[in-house]
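Reader: I've got a protein model open and I'm not sure how to read it. Could we walk through it together, one feature at a time?

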Amino acid sequence: MKIMKRQRGMTGIGWLAILGLMSIIVLAALRLFPVYMDAMSIGSAVESLEKDADVFTGVNDVRSRLDKRFAINNIGFLTRDDVKITRDGSFYLVDVDYESRVPFMYNIDFVVSFSYSSKARSR
């Protein structure tokens with residue numbers, strides 16, 4: 001009977017542990033991917049106000065154009081409290097601060113905060 005001098009490979013329990021850890025990481029990525037895609041859409045909509053060639057006539061004009069951009073990207077979860085528009089001299093300052101809560105598993109949630117700001121030219 002020969003005795004192996006070195007063992008090679010992993011045990012079944014080792015493989016299960018690694019597969020379990022990998023599945024948790026993949027599940028987390030799948031749950032957070034849509035949140036970050038929405039955040040990128042919101043960020044590009046807010047930044048596009050600064051690059052817009054039009055001159056905004058008032059706070060309601062800025063808000064309506066921003067709402068149209070959100071509607072195009074199917075962003076409907078932002079409230080009026082999440083979007084703050086203030087006038088600062090010849091600019092409108094647009095600040096979007098919001099938080100998303102994503103259920104992960106059982107009673108574990110991911111809470112992700114986002115903040116975007118931009119300047120829009122006023123008349």
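Reader: Let me start with a turn. In the hairpin of β2 and β3, which residue takes a positive phi?

Author: Before anything else, keep in mind that this is a predicted model. Now, the turn: Tyr106 is the residue you're after, with a positive phi near 50 degrees. Two residues sit between the strands in that hairpin.

Reader: What about the hairpin of β1 and β2: how many residues lie between those strands?

Author: Two residues lie between them, and Gly89 in that turn has a positive phi of about 65 degrees.

Reader: How do I read the sheet itself?

Author: Here's the general idea: strands of a sheet pair through backbone hydrogen bonds, either parallel or antiparallel. In this model three strands make an open sheet, ordered β1-β2-β3, with antiparallel pairing. β1 and β3 are the edge strands, each pairing on one side only. On average, neighbouring strands are turned by 15 degrees against each other, if you ignore direction.

Reader: How many bridges join β1 to β2, and how many join β2 to β3?

Author: Six bridges join β1 to β2, while 14 join β2 to β3. You can look at individual partners too. Val83 stands opposite Val96 in β2, and Arg87 stands opposite Tyr92 in β2.

Reader: Which residues are the bridge partners of Phe91?

Author: Take them one at a time. Asp88 has Phe91 as its bridge partner in β2, and Phe91 in turn has Arg121 as its partner in β3. There's something else to spot at Phe91: Lys119 lies over the face of its ring, at 5.3 Å from the ring centre.

Reader: Where do the helices go relative to the sheet?

Author: For a helix on a sheet, ask which strands it crosses and at what angle. α1 lies across β2 and β3, running at about 15 degrees to β3. α2 lies across β1 and β2, and runs at about 145 degrees to β1.

Reader: Which elements give two or more residues to the largest nonpolar core?

Author: The core has 23 residues, and Ile42, Leu66, Phe70, Leu78 and Val96 touch the most other members. Two or more residues come from each of α1 (12-51), α2 (59-72), β1 (83-88), β2 (91-105) and β3 (108-121). α1 gives the largest share, seven residues.

Reader: Could you zoom in on one of those? What is Val96 in contact with, beyond its neighbours within four places in sequence?

Author: Val96 contacts Ile42, Val46, Leu78, Asp82, Val83, Phe114, Ser115 and Tyr116. Spot Val83 in there: that's the residue standing opposite Val96 in the strand pairing.

Reader: How should I read aromatic rings that sit beside each other?

Author: Check the distance between the ring centres, then the angle between the planes. The whole structure has four aromatic pairs. For Tyr36 and Phe114, the centres are 5.4 Å apart and the planes are at 85 degrees, so the pair is edge-to-face. Tyr36 is in helix α1 and Phe114 in strand β3, so this pair ties together parts that are 78 residues apart in sequence.

Reader: Are Tyr36 and Phe114 buried, partly exposed or exposed?

Author: Tyr36 counts as partly exposed because its relative accessibility is 41%. Phe114 is buried, with a relative accessible area of 11%. Compare another pair: the rings of Phe104 and Phe110 have centres 4.7 Å apart and planes at 50 degrees, so that pair is tilted. Phe104 is buried at 9%, and Phe110 is partly exposed at 24%.

Reader: Which residues do ring pairs link into a cluster?

Author: The cluster is made of Tyr36, Phe77, Tyr98 and Phe114.

Reader: One last residue, please. Where is Met105 found, and which residues does it touch?

Author: Met105 is in strand β2. Leaving out residues up to four places away in sequence, Met105 touches Ile24 and Leu27. Met105 counts as partly exposed because its relative accessibility is 26%. For a sense of distance, Met105 and Phe77 are 28 residues apart in sequence and 22 Å apart in space, C-alpha to C-alpha.

Notes:
Residues are numbered from 1 along each chain as its sequence is written. This is a predicted model: local features need pLDDT of at least 70, side-chain atom pairs count only at pLDDT 80 or more; totals for chains, interfaces and linings use all residues. Side-chain values use heavy atoms; hydrogens and water are left out. A nonpolar core is a set of buried Ala, Val, Leu, Ile, Met, Phe, Trp, Tyr and Cys residues joined through side-chain atoms within 4.5 Å. Buried means under 20% relative accessible area, exposed over 50%, partly exposed in between (1.4 Å probe, protein chains only). Helices (H or I, at least four residues) and strands (E, at least two) are DSSP runs, numbered from the N terminus. Contact means heavy atoms within 4.5 Å. Two strands pair if DSSP finds at least two bridges between them. Axes are lines fitted to C-alpha atoms, for helices over the stretch in contact, and angles run from 0 to 180 degrees between N-to-C directions. Rings of Phe, Tyr and Trp (its six-membered ring) pair if their centres lie within 6.5 Å; planes under 30 degrees apart count as stacked, over 60 as edge-to-face and the rest as tilted. A charge sits over a ring if NZ of Lys or CZ of Arg is within 6 Å of the ring centre and within 35 degrees of the ring normal.
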